[in-house]
Amino acid sequence: MHQMNFAAPKTVAGAVKLLVQNKGRSKVIAGGTDLLVQLRMGKIKPGIIIDIKNIKEANQITIEKNGVRIGAAVSGAVVGEHESIKRNWPGVVEALELIGSTQIQGRASLGGNLCNGSPAADSVPALIANEAICRIAGPNGKRDIKVQNFVKSPSKTILKRDEILTSLFLPDKPNKSSSAYLRLIPRTEMDIAVVGVAASLTLDENNKCLDAIICLGAVAPKATVVKTAKKILVGKKINNDSLATLGMACEDTCDPINDTRGTIAYRTKVAGVLAKRAVQIAHTRILEKANL
Amino acid sequence: MNKHHVSMSVNGDPVEILCETQQTLLDCLRDELYLTGTKEGCSTGDCGACSVTLNGRLVCSCLVLGVEANGCDVQTIEGIGSEKTLHPLQKTFLEEAALQCGVCTPGFIVAAKSLLDEKPNPSEEEIRYWLAGNLCRCTGYDKIIKAVIKAAKIMREENEQRTNRRAN
Ligand code: FES
Ligand code: FES
């Protein structure tokens with residue numbers, strides 16, 4: 001058994017100092033729902049585990065002037081109980097809540113889901129569709145970067161070895177906006193996405209599309225934005241015609257793997273279908289909000 | 001080896017243990033505190049046999065390090081009911097034959113209790129989703145769900161009686 005230390009610093013500076021001292025031999029723990037499995041399987045052998053849950057910034061939700069900031073280690077259960085996040089970013093909440101069981105929800109975090117760098121991570125497409133921003137702390141202070149640019153390839157992120165992700169910021173949306181996340185799994189609970197699609201939609205006063213971001217998960221090495229979606233939807237009503245074109249654009253964006261859980265053809269087809277449905281759900285949510 | 005001093009509250013009792021970094025809360029409960037009611041099924045967060053509550057939240061104790069529980073309040077199956085008075089869930093699990101080998105039972109009871117404490121009258125669907133992270137290789141689940149529904153009813157009635165008594 002190798003020697004493994006543990007620390008639970010109370011400040012970001014304290015955590016960064018430990019990261020610097022341990023020169024890449026450390027692992028940051030938030031919820032631990034993936035980390036403990038990796039440890040047990042011997043996939044990772046850190047010299048020290050640094051728990052960030054005692055750091056205030058990393059474990060609290062704060063409403064800021066232009067959005068909400070969610071600590072990287074805040075659990076899915078806590079995010080799911082937050083009324084204003086549920087109301088304004090339903091797509092993020094439903095994506096996060098799809099991860100694992102009730103027990104997993106008690107621990108698993110947005111930060112962990114993102115830092116794992118899995119192409120099938122449920123919350124990541126939803127964060128990207130909502131233009132979320134990572135706050136990263138390192139020896140030279142803080143930096144902010146778009147979630148979209150955070151994951152480089154499966155399990156690889158832009159985090160340097162002496163940096164930590166401390167929080168995620170969701171910028172406020174215009175009034176007539178909403179979002180949705182859908183995924184396909186072979187059963188109804190407790191599985192990994194074969195395809196995941198997040199949609200964020202904004203309508204103008206005539207209920208025509210003002211803005212749209214569609215992000216696909218599990219169909220490429222990392223979560224991928226459908227570049228042509230904006231052009232296809234903006235200025236149009238959300239109806240069968242515009243959605244059919246969108247579905248095709250989503251299929252074109254896919255670059256999936258073939259495996260036991262889904263063939264390339266199947267994943268590609270499903271991505272288009274889910275994208276249409278996710279936009280429809282976001283659309284319905286906006287209209288329901290307007291009728292309240 | 002690095003030993004950590006961990007103090008926590010387990011079922012209301014303050015406890016102090018020494019544990020190594022890689023020891024999970026499950027290991028600590030079973031091997032250090034000899035509270036073997038909490039079971040180990042998979043140790044990867046898939047089966048729910050190791051369910052406990054940590055500061056009131058339902059978690060898999062196999063996915064929590066013992067050191068992470070420092071300063072926390074832990075509730076295990078040993079804190080539910082007593083030998084003389086079974087908890088309504090324990091009673092209805094027996095009545096409905098909601099267990100065979102019993103390995104999954106402590107996890108199911110801890111998980112179901114944490115649902116019923118928050119939501120006294122859940123629908124069958126809500127119960128099934130809440131318990132989706134608890135696996136049972138024996139019963140086929142229906143009897144478990146029935147037992148939880150029945151226990152929920154008993155708990156609601158007991159609660160009502162208690163409120164009435166207080167009002168009188
Ligand atoms: S032993 Fe913890 S979930 Fe199976
Ligand atoms: S009773 Fe045997 S696993 Fe559930």
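Here is a friendly chat about how the domains of chains A and B meet in this predicted model.

Visitor: Where do the two domains of chain A lie along the chain, and how many Å separate their centres?

Guide: Good place to start! The domain assignment places domain 1 of chain A at 5-171 and domain 2 of chain A at 177-290. Taken over C-alpha atoms, the separation of their centres is 25 Å.

Visitor: Which three residues of domain 1 of chain A lose the most area to domain 2 of chain A?

Guide: Together, the two domains of chain A bury about 1,900 Å², with carbon and sulfur atoms giving 59% of that area. Three residues account for 25% of what the side of domain 1 of chain A buries, and they are Leu98(A), Pro125(A) and Ala129(A).

Visitor: How many salt bridges are counted between domain 1 and domain 2 of chain A?

Guide: Asp122(A) and Arg183(A) form a salt bridge, with their closest N and O atoms 2.8 Å apart. Asp122(A) falls within 5-171 and Arg183(A) within 177-290, the bounds of the two domains. The count between these domains is 2 salt bridges.

Visitor: And in chain B, how many salt bridges does the rule find between domain 1 and domain 2?

Guide: Between these domains, the rule finds 3 residue pairs in polar contact. For salt bridges across that interface, the number is 0.

Visitor: Which strand gives the most residues to the side of domain 1 of chain B that touches domain 2 of chain B?

Guide: That side has 5 nonpolar, 5 polar and 2 charged residues. The strand that gives the most supplies 3 residues and spans residues 51-54 of chain B: strand S3.

Terms used
Residues are numbered from 1 along each chain as its sequence is written. Chains are lettered from A and ligands numbered from 1 in the order in which they are written. This is a predicted model: local features need pLDDT of at least 70, side-chain atom pairs count only at pLDDT 80 or more; totals for chains, interfaces and linings use all residues. Side-chain values use heavy atoms; hydrogens and water are left out. A salt bridge is a side-chain nitrogen of Lys or Arg within 4 Å of a carboxyl oxygen of Asp or Glu. A polar contact is a pair of N or O atoms within 3.5 Å; within protein, one must be able to donate a hydrogen and the other to accept it, and residues adjacent in sequence count only if both atoms are side-chain atoms. Helices (H or I, at least four residues) and strands (E, at least two) are DSSP runs, numbered from the N terminus. Ala, Val, Leu, Ile, Met, Phe, Trp, Tyr, Cys and Pro count as nonpolar, Asp, Glu, Lys and Arg as charged, and the others, Gly among them, as polar. Domain bounds come from an automatic or database domain assignment. Buried area is the accessible area (1.4 Å probe) that two parts lose on being put together, summed over both.
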